[in-house]
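Reader: I would like a close look at one part of this structure. Please take me through a single strand and its surroundings, step by step.

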Amino acid sequence: RLSPNAMRFRSPFALLVALTALGCQGGPKRLDPVPQEHEAGVTKARGAIGELKKTLSGRLQEAIKGGGPASGIEVCASEAGELTSDLAKKNGIEIGRSSRGLRNEKNAPRPWVKAYLDEAAGKPAKDVKPAVYDLGAKLGVVEPLPTQALCVTCHGPAQGIPADVKQKLGERYPKDQATGFAEGDLRGVAWVELAK
C-alpha cells in the first residue's frame with residue numbers, strides 16, 4: 001500500500017514534474033560553453049562591463065591627475081554609484097562591482113557572485129576566467145578585476161598608503177576591508193544580470 005505522499009506520484013508525468021522541480025533547486029548553473037541562444041546577451045553584458053571599467057577608470061585618472069589619490073577616493077564615494085546606475089538604465093540591465101574585501105558595503109556580492117569569488121579566492125587575477133551563469137529567467141555574467149598599478153595607492157598594503165589617503169579612507173569608509181592588495185592580485189569583479 002502506498003503512503004499519501006507516494007500516491008501523489010502514481011502518474012509518471014507527476015513524478016517527472018517533481019523531479020524536474022528538484023533539479024532546478026540546485027542554484028545557479030555555470031554555462032561552459034555558453035549556448036548559442038545566450039551569446040547576444042553575454043556580448044551585451046561584456047560590453048556594459050567594458051564601458052563601466054572605462055568610465056570609472058577615466059574619472060579616477062582625471063581626479064587623481066587634478067588633485068592626487070585622495071581626490072580619487074571622492075570619485076569612488078560620490079560618483080561611482082551614480083555612473084553605475086546610469087549605465088544600468090541605459091542598457092536595461094543590473095550591473096555592479098563586488099569583492100571579498102569590501103570598501104563600500106553597498107557592493108556586497110549577490111549569492112552567485114559570492115560563489116564565484118569564493119572559488120577564485122587566493123588565485124592571481126590572470127588565472128581567474130570570466131564566467132556566465134544561468135540564473136533562471138536571467139543570465140549572470142562576471143569578469144575579474146585585477147589590481148592595477150594605479151589601484152595600489154589606495155588598495156595596497158596599509159604601510160604603503162599615503163597618510164592623506166588613509167585619512168580620507170577612514171572618513172569615507174570606516175569599515176574598509178579593501179587594502180593589502182598587490183599588483184596582479186584579484187581585486188574584485190564586475191558583474192551583470194540581464195533577462196534572457
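Author: The model shown here is predicted. Strand S4 and strand S5 pair in the antiparallel sense, and nine bridges join them. Within that pairing, Pro144 stands opposite Val189 in S5. S5 also pairs with strand S2, residues 94-98, again in the antiparallel sense, over five bridges. Here Gly96 is the residue that stands opposite Trp191 in S5.

Next comes the question of cover. Of the ten residues in S5, nine are buried, so the strand counts as mostly covered, with buried meaning under 20% relative accessible area. As a general point, nonpolar side chains in soluble globular proteins tend to be buried together.

The largest nonpolar core has 19 residues, and the members that touch the most others are Ile95 and Val192. At least two residues of this core come from each of S4 (138-146), S5 (186-195), helix H3 (39-67) and helix H5 (80-91). The top contributor is H3, which gives six residues.

Ile95 can be followed further. Setting aside neighbours within four places in sequence, Ile95 is in contact with Trp191 and Val192. The other residues in contact with Ile95 on that count are Ala48, Ile49, Leu52, Thr84, Leu87 and Ala88.

Another core, of 13 residues, lies apart from the largest one. Trp191 is among its members, as are Trp112, Tyr116 and Ala120. As a general rule, side chains in a regular strand alternate between the two faces of the sheet. To return to the strand itself, S5 pairs with S4 over nine bridges and with S2 over five.

Note on methods
Residues are numbered from 1 along each chain as its sequence is written. This is a predicted model: local features need pLDDT of at least 70, side-chain atom pairs count only at pLDDT 80 or more; totals for chains, interfaces and linings use all residues. Side-chain values use heavy atoms; hydrogens and water are left out. A nonpolar core is a set of buried Ala, Val, Leu, Ile, Met, Phe, Trp, Tyr and Cys residues joined through side-chain atoms within 4.5 Å. Buried means under 20% relative accessible area, exposed over 50%, partly exposed in between (1.4 Å probe, protein chains only). Helices (H or I, at least four residues) and strands (E, at least two) are DSSP runs, numbered from the N terminus. Contact means heavy atoms within 4.5 Å. Two strands pair if DSSP finds at least two bridges between them.
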